[in-house]
Structures are given as structure tokens and as C-alpha cells.
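This report describes how the strands and helices of one protein model are arranged. Please consult the sequence and the structure shown below while reading.

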Amino acid sequence: MKRWRIQVKVTELPVPEKVKEATLRSGIEELYPPQEEALQAGVLKGKNLVLASPTASGKTLIAELCSLNHVLEKKGKVVYLSPLRALANEKFVEFKKYTSIRKTNGKRVSVGISTGDFDSGDSWLGRYDVIVTTNEKADSLLRHRVKWMDDISLVVADEVHLLNDGDRGPTLEVVLARLMQVNPDLQVLALSATIHNVEEIADWLNASYVITEWRPVTLKEGVLLHEEIQYKDGDARKIEKKTRDPTINLVLNTLRTGGQALVFVSTRKNSVNLAKKIAAHTGELLSKPIKRTLENEAEKILSAGERTHISESLAKLVECSTAFHHAGLASIHRRMVEDLFRQRKIKVLTATPTLAFGVNLPARTVVIQDYRRWELGYGYYPIAVLEYKQMAGRAGRPRYDKIGESILISKTADEADYLMDSYVLARPERIWSRLAVEKIIRGHVLATIASDFAHTENGIYDFFGKTFYAHQYDVKAIKSIIAKILKYLYDEEMLDLFGNEIYATKFGKRVSELYIDPLTAVEIRNAIRNEPTYLTDLSLLHLIAHTPDMGPIMRPYSREFDKLGVLMEEHREEFLTHIPSEFDDQIGYQEFLGEVKTAMVLKSWIEEASENLLIEQFQVQPGDLYRTIENAKWLLYATHEIAKLFGNKAVLPLASELIERVAKGIKRELVPIVKLEGVGRIRGRIMYNAGFQTVADIKHAPLEELTNLPLIGPRLAKKIKEQVGGFVKKETWEKLEKGDEWKQKSLGDY
Ligand SMILES: Nc1ncnc2c1ncn2[C@@H]1O[C@H](COP(=O)(O)OP(=O)(O)OP(=O)(O)O)[C@@H](O)[C@H]1O
Ligand SMILES: [Mg+2]
């Protein structure tokens, strides 16, 4: 093994002085060896590079230094691609430390983030020097042919091994191929975990590569059987048997020695149940003042967002310094839990793999309780080595711990051997392109033509010839899929032929910009083409639930079938798509019931059902609810735009109203007053019921009448009045401001 000697000091770096100062201020004085190697490979001289090194080895810093060099020395512009929104946020915050630096033109370095709203060119984003974004957002910007994208001089692709991911990978490779096509001088910096075929990815990107095994904090990987941990390096140690559950014993052992534990499980239910079991033992380890702090934090969790069974059980656990983290949690709660774990107030966190990638957390011990995962249609399967390494890599992060350990849990000696061989000692797999799937590539083929990247069949093959897929296989392998898609798009009137040239029709262009699957567009167009006889909220809500872009619809539980069947019969006339027969097409029928369920959840939401009721009635957790709401807003907007294109007048007002109602979860009558900042569905309903039904009602009301309402404090009342152009007397304000403080606590939309 190579012996490393840390040589390069930050003060000696070939970057502007101000960048060195900002780096030093963040506590970094010397480069880590992988960072040094990246420099030697010419990353600061504009060379393309794949930096493949272990978790926590400081890949982000290289991206930061390289970005700053582009902005300050070359007047360049940088796009930082992150596969996940949460990670994009973390990186955005990290880049912020450079915004006090001035460029040669006297202006400060600016950093922007954009992760949502796909039908927007976002020309404002072009003002920023560094733009942090998700792969999908970058793809949609490219479809809009946003001008500033031509000025990008550096693209950073974080977690590039996710090329292997069926959902995110294809978009990433298309974005990289397109950026390289648009801008041949572009520098590409790809950050990756250590994987099997780094060379192949580098070859595709025309890059050199650095592969290291170095990690700043030792990570001891091992397997626990009963009370004994067997480590990779041959060490072993026993842990105290406090309970019958080895996972809990290991967690308690970590706590007693002053560390924090992050436990990965495979399902949401497991994360909640395990957190409860652990919390039963953590109480005795907490001092009185800490308990008081935790009670306070628990209270904050309850008052953030709507109160549900889930937030209540989370708050209870937080009192015991324990929490769970999964995609069913509302994002505000997820963020609070991450922050509390970072602040070391929560000592134990049980999580689904949502926390596996890229994040920096103070977990001295990572416990991997489940190495199997279950998926509909596949059953149980063992996770990939790459994923195991990512989870393990959350332990022992430089800013937090001096050592980290990652332990797999086994039940038998055979299983322990299997885990040691198949994960701890195993090399991560090869990365394969996942592009060649019709459903995935359909939208990219349309976009290639609609955004003028190619206008001939060969031009299209040329473009797809630049993808990682073509590099790994051969473009011939997807030619037949592309040909089939071209025919489909032509038949559905999204493409038109002029001699040998292919152009997008107005419809095709709009579909591409809306960032929806062409199939979704066809479903919507066909459903509303002939003015429907019955057009209700449910008609449109079901229509969007029926499109492939709604994503995994809410699968009904078998006990729900009867109820949904009855509902479906009652509303039969309102559906705009074909209803499969219960007897001839059972699978289709069940899928339809799933769509009805999704539509009913959205319908209840806009009838102002509480989040808790939605959990009870439909088993839909807040995280899923909000994801569905996001998708619904986007698809209702798409429906609106397609209706506009085809002149379906009846659909337009209904779709616009539904967009607002779905966004806020309100009945029609609240639409005017929830436009006010600080007024959401809950306060809006309170105000409406108290007689404040229009902007005029509020404008003329005395301030005290507003502050007499629940959940509205003086500060908010004043803000509301000011928004409607009302007047607040100085004496009234002073008198009120002294009163009820608790009401002033939450000022967000509620
Ligand atoms: N040279 C350095 N000296 C001290 N700390 C450093 C140095 N470089 C990076 N760090 C710190 O190390 C931590 C991990 O860095 P980073 O998040 O970039 O890791 P990573 O290689 O991207 O890991 P992952 O593969 O898990 O995403 C960060 O908190 C970062 O501030
Ligand atoms: Mg990283």
C-alpha cells in the first residue's frame, strides 16, 4: 500500500488568496491525499476528472476549489448536479461560505439553487456564478434552451455512481452528454464512490481519473453475531448484553461510550418500531437538563406543521433522545430530525436508506440491521455492495468523530460469514447504464428534436451515441427502441416530417417543455379532446392520477377494495378514461382502483380533511401526501396547458382553480384569503368561519378582532392587515404587542 504524507497546505494552493482564506476559515488547513491527487491530475488546470474515493474523503472541497477557480479566474459559470434535493441543499449551504469573495468586477461571488418547477426557463438563475441543481432540473433547463447554459464552463456531477440507478441514472447521463454537446470546452468533474469501472466512466467523459482507498477517519467495518463483533481487520470485541436484541445492545454500547448511532432498516414500519424499542432504554442515560431541552424540542416538533399520530410518536421519541427518519415524514420534520441529530440532541436515529448518500452526520456507529429489501414484483433481494458502502460511509465523518464503525447484524454463524464475504470484504459492483428503457428514453428522444439538438434520424442516433449507454454497449442496441419511439411520437402528432428532417409540432414542443412523459400528454389530450359531459374536480384529479407521471399511485389495501369499488360506481360518469372490467381485466381494474384512491386522497385534501384523517382513512403518510401534491400541481398545470393548446375551454378554469386548491389543501371559498402570506389552510378556515371571508372584510376589521382568533398573534395580524392595505393604529399595536407571546411563535403559512 502507498504511504501517504500530507504535503499540500491550503496556503500553498494555486487558487486566489480569498479562496484560501475562506477555506482556512472553514477549518481546513491541509489537503487530504485524494484531494492532492486530484490536483496532480490537473483538475485546477481545466482537465476533466473522475474522482473516485471513499466516503468522507473530502470530494466536495475539490469541487469547491475548482468552481471558484472558474468563477474568479476564468469568468466562468458552474453547475453542480446533485441527485437528491436534500443533498443539493447541503451543498448550497457549503458553497455559501464563498459569497463574501469579490470578483474582478467588484461583485460578490453568487450561489443559487433551483430544484423544482420544471416548466420554467429560470432566466434569473443565470445571474448566479454557481448554480446547484438536481439532474432533473438541469435536464428541464436544457429543454428550455436557457441561454446561460451555453456559458457553463464547469459541470460537477456528484454521486456519479448513481448512473446505475434506474430512476436517476438516465437523466444524469443525458444531461452530461447534452452539456458536452452544447459546450465542447466544458470541464467535467465527476465525484464517485469507489466502484469497479471508474476507468470506463472516465473514458466516456474523456476524463482522467483518480482512484483512492484513503479515508480521513478510520472506518471499522464488521459483523455482529449475538454479543460479538468481528471486524474486517481481524479484531473482535464483545458488547454487554443488556437486552435480548443485539441491535439495541450495540446502540446502548455506543451511547455509553459517548457516541451517536444511526441504524439503517429496510422499511418505515421497522424504523418506527425499532426507535420505540430503543427509546425504552435511553431514558436512564439522560440528565435532567438534557431532558428539559428535549421536551422543548419535542414541543417544537408538535407545533411544526399539522399534528398527526406520526408527529406525536416522533415527539415522544425525541424526548428520549431517539428518532426515526423516513420518506413518510413531512419534510419539515425530516429536516428537524437531521438538525437535532447534527446538534447531538438526538443520539439515536433509525432510518430507511433515504439517508444513505452524501450527507455529513455525527454517527460514530452505523448499524445495518437489514441487508435485504422488499419490492413489489421482486420480493426480497440483498442490497448492492455499493449501497452497503454508502450506508457504512455515514459513520466516522471528519468534522464529528475520530473513528467510525459500521456493523451489519447477523443471526447465525452462516449468515455472519455470508455478510463478511458479500459486503464487508466485497468490492462494489460495476456501474451499468439504465438508459435503454422505452418509458425512460421517450421524453429524451422528443426533447432532442423539440429543443433543436437534432433534426434527422441520424442526428438523433449521433446524440444518443454520446451517452454512457452507447459507450458501454453500442448505439445499435437502442436504435430499434428509438425508431419505435419516433413512430409513436409521429403517430401522436408530436413530430412532423419535412423531407428528411424531423421537427416537433407545437404539441410536441410544449410536451417537452412541460417535462412530462409523452404518454402522459397523450392520455390527457385524449381524455379532454371532446368536451366531456360531466366535468368535476374528481374527473381531473383522476385523470392526472391515471397518467404515468403520477409515479407510484397509492396502492389500495385489500380491505379498501369494496369501498373504492362503491365510490367508483357512484362517480362512474365523471371519469374521463376507460374503466376496465372487474371480471375481464382484474389487474387493470385494481390499478384503476389505485388511481381512484389517489384521486380520493387529493379530493379529501381539498375538502380540508386533516393530515391525520388522511393517515387514518387511506393510510397515507404526510411525506407521501406532499409528494403526491407536488406531482398533482405539476400535472394539473400540464393539463391546463394542453387544454389551452387544444382549445378545451371548460377545462381551463377548473384546472387553474384546482392547482390553487391542491397547493393549499382548501375548499374553493378559501382561495382568496389564503393568498395572504402567513395564512394557510388552518388559519384560513378559522378566519373564514369567523366572518373574514374576503380581502375587504379583513381590511375593515379592527386589529383586535383578528388577534382574538386562535393561532393569530399580533405580529401576524399586523402583517395580514398590511398586506390588504389596512391601517393599524400605533396605540393599538403597542398594547397588543405586549400580550400573548405564544401566539407569535409560528409565523409560517399554517
Ligand atoms: N482537507 C480537509 N481537512 C479537513 N476536513 C476536510 C478536508 N476536506 C474535507 N473535509 C471535511 O470532510 C467532510 C467530508 O467531506 P465530503 O462531504 O466532501 O466527503 P465526500 O468525499 O463527498 O463523501 P461522500 O462520498 O460520503 O459524499 C466534510 O465535513 C468536509 O468539510
Ligand atoms: Mg459527497
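## Strands 12 and 13

The model discussed here is predicted. Strand 12 and strand 13 (residues 348-351) run parallel and are joined by four bridges. Within this pair, Thr 322 has Val 348 of strand 13 opposite to it.

## The eight-stranded sheet

Strands 12 and 13 belong to an open sheet of eight strands, whose order is 10-9-8-17-14-11-13-12 and whose pairing is mixed. Strand 10 (236-238) and strand 12 (322-325) are the edges; each has a single partner strand, so one side of each lacks a neighbour in the sheet. From one strand to the next, the twist averages 20°.

A helix is placed against part of this sheet. Helix 14 (residues 413-424) lies across strand 8 (218-225), strand 9 (228-231) and strand 17 (403-410). Relative to strand 8, helix 14 runs at about 155°.

## The seven-stranded sheet

There is also an open sheet of seven strands, in which the pairing is parallel and the order is 3-4-2-5-6-1-7. At its edges are strand 3 (111-114) and strand 7 (208-211), each of which pairs on one side only. On average, and with direction ignored, neighbouring strands in this sheet are turned by 15° against each other.

One pairing within the sheet may be followed at the level of residues. Strand 5 (residues 152-157) and strand 6 (residues 187-192) run parallel, with four bridges between them. Val 155 has Val 188, in strand 6, as its bridge partner.

## Helices across the seven-stranded sheet

Which strands does helix 3 (residues 59-73) lie across? They are strand 1 (49-52), strand 2 (77-82), strand 4 (130-134), strand 5 and strand 6. The direction of helix 3 is at about 165° to strand 6.

Helix 5 (residues 135-143) lies across strand 2, strand 3 and strand 4. Its angle to strand 4 is about 110°. Strand 2 and strand 4 are thus named for helix 3 and also for helix 5.

## A nonpolar patch at the surface

The final feature concerns the surface of the model. Trp 374, Leu 376 and Tyr 380 make a nonpolar surface patch of about 400 Å². Of these residues, Trp 374 is located in strand 15 (residues 372-375).

Is Trp 374 buried, partly exposed or exposed? Its relative accessible area is 46%, and Trp 374 is therefore partly exposed, since this class lies between the limits of 20% for buried and 50% for exposed.

How values were computed
Residues are numbered from 1 along each chain as its sequence is written. Chains are lettered from A and ligands numbered from 1 in the order in which they are written. This is a predicted model: local features need pLDDT of at least 70, side-chain atom pairs count only at pLDDT 80 or more; totals for chains, interfaces and linings use all residues. Side-chain values use heavy atoms; hydrogens and water are left out. Two strands pair if DSSP finds at least two bridges between them. Helices (H or I, at least four residues) and strands (E, at least two) are DSSP runs, numbered from the N terminus. Axes are lines fitted to C-alpha atoms, for helices over the stretch in contact, and angles run from 0 to 180 degrees between N-to-C directions. Contact means heavy atoms within 4.5 Å. Patches are made of residues with over 30% relative accessible area and no salt bridge: like charges are joined within 9 Å, nonpolar side chains (Val, Leu, Ile, Met, Phe, Trp, Tyr) within 5 Å. Accessible areas come from the Shrake-Rupley method with a 1.4 Å probe; for residues, only the protein chains shown count as cover. A salt bridge is a side-chain nitrogen of Lys or Arg within 4 Å of a carboxyl oxygen of Asp or Glu. Buried means under 20% relative accessible area, exposed over 50%, partly exposed in between (1.4 Å probe, protein chains only).
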